[in-house]
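Hi,

Here's the structure I promised to pass along. Have a look first, and my notes follow underneath.

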Amino acid sequence: MGSKKEHTKKKIINDISNDDIKSKSLFEFINHQFKDWESKAKEYLHNREKTEQLIIDAKEKAEKDRKGPIAEVWDKIMLFIDITKSFINGEYKEIPIGSILMIIIGLVYFVIPTDIIPDWLVALGQIDDAAVLGFIVKQIDSDLERYSLWKSKVSREQDSANFE
């Protein structure tokens, strides 16, 4: 009997070779996948426990895969994690819902090993993760910058309060 990982690989390969996917263009396939990820992101947004677990999983995977293509976006992954934590804790609500959904989509995509290029395809699986995260960063860059400025201000205020 094969392992669960082998079964998952076979299922993915079968899904990818499925005639339904073959008949679609890559754009249609990615668009369909994006809708699935968006739906998952909305579930996370409304389920604190699930979001907290996503944060833990993303941090663990980022620490484990801190080399190769992930090294290039590691700081952004940490920023996504930090923003998500601040958002679910109610500390930072100045980010548009669409942007927080994009961040959660990025984290879900990063964590799920069976995305467009499965993570078990060692280097290739990380390349698509880094590309998707990089794409999201470009889409919401101004929101990320505003959060970073807010976080710096809060940190300075806390440091100042500690010296008084």
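Let's start with how two of the helices meet: helix 5 and helix 6 are oblique to each other, meaning that their angle falls outside the ranges for roughly parallel (under 35 degrees), roughly antiparallel (over 145) and roughly perpendicular (65 to 115). The axes of helix 5 (residues 69–88) and helix 6 cross at roughly 125° and come within 10 Å; these axes are lines fitted to C-alpha atoms over the stretch in contact, with angles running from 0 to 180 degrees between N-to-C directions. Helices here are DSSP runs (H or I, at least four residues), numbered from the N terminus.

Before going on, the fine print: this is a predicted model, where local features need pLDDT of at least 70, side-chain atom pairs count only at pLDDT 80 or more, and totals for chains, interfaces and linings use all residues. Numbering runs from 1 along each chain as its sequence is written, and side-chain values use heavy atoms, without hydrogens and water.

Helix 6 (residues 97–111) is mostly covered, with 12 of its 15 residues buried (under 20% relative accessible area with a 1.4 Å probe, protein chains only; exposed is over 50%, partly exposed in between). Among them are I100, M102, G106 and Y109.

Helix 4 is more two-sided in its listing: T51, L54, I55, A58, K61 and A62 are buried. They cover an arc of only 140° around the axis (taken from the directions to the C-beta atoms), which puts them on the same side of helix 4. E49, E60 and K64 are exposed, on the face turned away.

Cheers
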